[in-house]
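Trainee: Could you take a close look at one part of this protein with me? I'd like to see how that part sits against the rest.

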Amino acid sequence: MIRSPAPALPVRFRGYELRAVGLDLWRVVDAQGRVIGHVAMRGDRVEARRFHPTRGAFLPLGDFCRLEDAVAALHHSR
């Protein structure tokens, strides 16, 4: 199971920076520093949520088996 790194230590993944904002929650930031979404551990699944600026909210994209797939879903939903 994937666990969050220490909050002060961002992780780079597929060109994105994953910043821990909770025990099982990461903020996904692009190279320009824009927040594109969150990934959250939900048991043995990883939930991807895309940020929609016009709504000012994070909307679910789905649940995935792997962190890689959740980040890829955020990337492809742009």
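**A close look at the helix**

Mentor: Let's start with the outside: the protein exposes about 4700 Å², and carbon and sulfur atoms supply 54% of that area. Keep in mind that this is a predicted model. Of the 78 residues in the protein, 36% are buried.

Now for the layout. The protein has one helix and six strands, and from the N terminus on, the elements run β-β-β-β-β-β-α. That puts the helix, H1, after the strands in the order of elements; H1 covers residues 67-76.

Which residues of H1 are buried? They are Leu67, Ala70, Val71, Ala72, Ala73 and Leu74. And what do these buried residues pack against? Walk along the chain and tick them off: strand S1 (11-13), strand S2 (16-22), strand S3 (25-29), strand S4 (35-42), strand S5 (45-52) and strand S6 (57-64).

Let's pick one residue on the strand side. Valine 11 belongs to strand S1, one of the strands that the buried residues of H1 pack against. Is valine 11 buried or exposed? Neither, really: its relative accessibility is 33%, and since buried means under 20% and exposed means over 50%, valine 11 counts as partly exposed. For a sense of distance, try valine 11 and valine 28: they are 17 residues apart in sequence, and their C-alpha atoms are 9.6 Å apart in space.

Last, zoom back out to the whole protein. Among its contacts with a separation of 6 or more, 24% are accounted for by residues 24 or more positions apart.

How values were computed:
Residues are numbered from 1 along each chain as its sequence is written. This is a predicted model: local features need pLDDT of at least 70, side-chain atom pairs count only at pLDDT 80 or more; totals for chains, interfaces and linings use all residues. Side-chain values use heavy atoms; hydrogens and water are left out. Buried means under 20% relative accessible area, exposed over 50%, partly exposed in between (1.4 Å probe, protein chains only). Helices (H or I, at least four residues) and strands (E, at least two) are DSSP runs, numbered from the N terminus. Contact means heavy atoms within 4.5 Å. Accessible areas come from the Shrake-Rupley method with a 1.4 Å probe; for residues, only the protein chains shown count as cover.
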